[in-house]
Amino acid sequence: MNSFSRRGFLGVLGGGIAAAALAGCSTQKPGGSNSTTGGAGDLSANKVGAMDDYAVGTQFKATQPLDFGMMMLNNPNYPYNPKWEFFTDLQKMTNISISATSVPQSDYNTKVGVMVGAGDAPAIIPKTYHPAEQAFISSGAILPVSDYTDLMPNYTAQVKEWNLESDLDTWRGADGKYYALPGLHENVWIDYSIAVRTDILQKHNIEIPTTLDEFTTMLQALKTAYPNLYPFSDRWSTPTPGPGANALLQTLGNAYGTHAGWSYQHQTWNAAQGKFVYTGATDEYKAMVTLLNSWVSQKLLDPASFTQTDAQAEQKFANSQSFVISANAQEVVNTYQKDLAKVAGATVVKIPVPTGPTGAVNVGTRLENGIMISSSARKSPNFVAMMQFIDWLFYSDAGKLYAKWGVKGETYTGSIDDGSFKLAPDVDWGGLNPSGTKQLNVDYGFFNGVFAYAGSSNLLNTQFPPAEQAFQKVMNQRKVLPLDPPAPFSDQQQQQTTLWASTLMDYVNQNTLKFILGQRPLSDWDKYVSELQGLNSDKYIDAVNQAYQTYKKAHG
C-alpha cells in the first residue's frame with residue numbers, strides 16, 4: 001500500500017471508530033458455482049450481454065457493446081485521461097466502455113459519501129476502504145455483494161485457493177454479509193518498516209538489527225558516534241500530529257501484539273481470557289509506550305518525530321542529520337535514494353521489521369481496498385455481465401496483469417512466473433526503469449491507482465527492485481497471526497459507541513504522546529487507565545464483547 005492508500009484508509013477510519021464495525025463468519029460462505037440465482041433471487045432477466053460459458057481462465061467479452069458507470073479517482077500525479085490506452089484496449093478486449101465520474105484525489109472519499117448517500121453514484125465504486133461501506137448498509141444504497149459472488153468464478157476460486165474465508169469474515173456485517181468486494185492478496189503484504197543508512201552502519205561496524213533490542217543497541221551506537229544528532233527522526237505523523245496517525249507505532253504495536261498508530265482500534269482480542277480488552281489500557285500497549293519513552297529520554301529518537309512534517313523528516317535524513325526513518329518501498333526508491341544521491345557513498349535499506357515479544361510474525365489482513373456496487377445496478381438487464389466484467393478485470397490473472405502492466409511486447413516483456421518480467425526499454429514506473437521516457441501511468445493509464453491492487457506474491461514482486469523483493473521474501477517466511485474474531489455492532493450499538501469512541505481516541509492519542517515525550521510520568525499509567533474508564537472505555541468493551549457473543553451465536 002502506498003502512502004496515499006494508507007492515508008485514504010485513515011480518512012475513512014474516522015479515528016479508530018470503524019474498527020468496531022468489523023464483521024465475522026457466516027454460514028453463507030463464498031461459493032464457486034456460476035449459477036444465475038445465487039443467494040439473491042432470479043437473475044434471468046439481468047443477463048443481457050453476459051457470457052454463458054464464462055469461467056476461470058476465460059477471456060471475458062460481453063456479447064454486445066456495453067457501457068458501465070464507474071467512480072474514477074483522479075490522481076494529480078497521473079491525471080485521469082479518457083483516451084488512455086488502458087481504456088481503449090480494454091474496450092477491444094471486453095466489449096465494455098467505462099463512463100467515468102472523475103473525482104479529485106483530495107475530494108474522493110467525501111464525494112463518494114455524498115453521491116452514494118444521495119443515490120447518485122455510478123454502478124461501480126472502487127477505491128473503497130473498509131469499513132467505509134458500513135455507513136451505507138442501513139439505507140440500502142449498496143448491494144450485499146457477498147450474495148452475488150457465485151457470478152464471479154475468478155474471485156471465488158482465489159478465495160478458496162488462498163484460504164481467504166477468515167479474512168473475508170472481517171468484512172461481514174451483523175447480517176453475515178459483506179458489502180464491498182475486497183482486493184485479494186495471496187500473502188499478508190508488509191510494506192512499512194524502517195530504513196537505515198547502511199553506509200553509516202558499515203562505517204562504525206554496527207550490525208543491521210533484527211530485533212527491537214538490537215535496534216535499540218544500534219541507535220545507542222549511532223548516538224555514541226554522533227552525540228549531537230538524533231539518530232532516528234521520523235515522519236508520517238501529520239496532518240494529524242501525534243501517535244494516532246503514525247506508521248512507527250503501527251510497526252511497534254505489531255511487535256508487541258497490540259494495535260497502535262495507523263492500525264489503532266479500541267478493542268484487542270485476548271485469547272487467554274476469551275474476550276476483547278481495551279487496547280489503550282493493556283500491558284502490551286504500555287510496554288510499547290515505555291520503549292518509545294526510553295528512546296526519547298536517551299535522545300535516540302527525535303521528539304519532533306510526532307509533530308514534524310514529512311518534508312522536515314526527509315530533509316534531516318537527506319542532510320545526514322539523522323540516519324533512521326520509517327519507510328515503505330516507494331519512499332526508499334523515489335525519495336530517500338534520490339535525496340541521498342548527492343552524498344558520496346550513501347546507501348539506504350529498508351530492514352525487515354524488527355521483532356519484539358510476539359516473535360517473527362506478520363500481523364494484518366490479506367484484503368485490500370475494494371469495490372462497492374450501487375443497489376440500482378441490480379435492476380439493470382446487464383447486471384450479470386457487469387459482475388463478470390468486474391471479476392475478470394479485478395480478479396483474473398490476465399485482468400490484473402493487464403491493469404497493472406499493460407500489453408506484453410509493448411509496455412513490458414517476460415513473465416511474472418519465472419522472474420523474467422521487466423518493463424519495456426522506453427517505459428518507467430516507480431523508478432524501476434529510470435531511463436524510460438514514458439510513464440506507464442501518466443502516458444498509458446496502466447497502474448493507475450484504481451484497478452491494479454492485490455494479487456499473487458509473484459505479481460506484487462514485479463513492482464519492486466531486488467532489495468524490496470529480498471525484504472518481502474523475509475517477511476513472507478514469518479508466521480501470520482490469526483485475525484481478531486468478529487464483533488460487528490448492530491445499528492443501535494454503533495450509534496452509542498460512536499459517541500464514546502471519538503472521545504476515547506483523542507484521549508488515548510494525547511496521553512500516548514505525553515507518556516512517550518516524558519510530559520507525563522509512566523508512574524501515572526494506572527491513573528490514566530482509570531481516566532479511560534471514566535470516559536466509558538469499559539462500557540465500550542462491554543458492547544464489543546456483547547456484539548462478539550451475539551454474532552458467534554447467530555453465525556458460528
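Ser-320 is located in the loop that joins helix H10 (310-318) to strand E8 (324-327). In this predicted model, the phi angle of Ser-320 is near 60°, a positive value in a residue that is not glycine. Most residues other than glycine have a negative phi, and most peptide bonds are trans. Is Ser-320 buried or exposed? Its relative accessible area is 24%, and buried requires under 20%, so Ser-320 is classed as partly exposed.

A second residue deserves mention alongside Ser-320. Phe-447 also has a positive phi, of about 50°, although it is not a glycine. The loop that holds Phe-447 runs between helix H14 (440-444) and helix H15 (457-461). With a relative accessibility of 10%, against a limit of 20%, Phe-447 therefore counts as buried.

I turn next to a peptide bond. Between His-130 and Pro-131 the bond is cis, with omega near 10°. Pro-131 belongs to the loop between strand E3 (124-128) and helix H4 (153-161).

Allow me to return to strand E8, which follows the loop of Ser-320. Which strand pairs with E8 in the antiparallel sense over 4 bridges? The partner is E5, which comprises residues 193-197. Within this pairing, Ser-193 stands opposite Ala-327 of E8. E5 also pairs with strand E9 (residues 348-351), again in the antiparallel sense and over 4 bridges. There, Arg-197 has Val-348 of E9 as its bridge partner. E5 thus has pairings with E8 and with E9. How many of the residues of E5 are buried? The count is 5 of 5, and the strand is mostly covered. As a general point, side chains in a regular strand alternate between the two faces of the sheet.

Finally, I shall describe the protein as a whole. It contains 19 helices and 16 strands. Its radius of gyration is 24 Å, close to the 24 Å that the globule rule gives for 556 residues, so the protein is as compact as a globular protein of that length. Along the principal axes, the C-alpha atoms fill a box of roughly 70 × 60 × 35 Å.

Of the 556 residues, 56% count as buried. Among contacts with a separation of 6 or more, 77% involve residues 24 or more positions apart. The exposed surface amounts to about 22100 Å², of which carbon and sulfur atoms supply 51%. As for charge, there are 40 positive and 48 negative side chains, and the centres of these two sets lie 2 Å apart.

Technical notes
Residues numbered from 1 in each chain as written. Predicted model: local features only at pLDDT ≥ 70, side-chain atom pairs only at ≥ 80, totals over all residues. Heavy atoms only, no water. Helix = DSSP H or I, 4+ residues; strand = E, 2+ residues; numbered from the N terminus. Rg over C-alpha atoms; globule rule 2.2 N^0.38 Å. Buried < 20%, exposed > 50% of the residue type's maximum accessible area, 1.4 Å probe, protein only. Contact = heavy atoms within 4.5 Å. Areas by Shrake-Rupley, 256 points an atom, 1.4 Å probe, with all protein chains shown as cover. Lys, Arg positive; Asp, Glu negative; His and termini not counted. Charge placed at Lys NZ, Arg CZ, Asp CG, Glu CD. Pairing = 2+ DSSP bridges.
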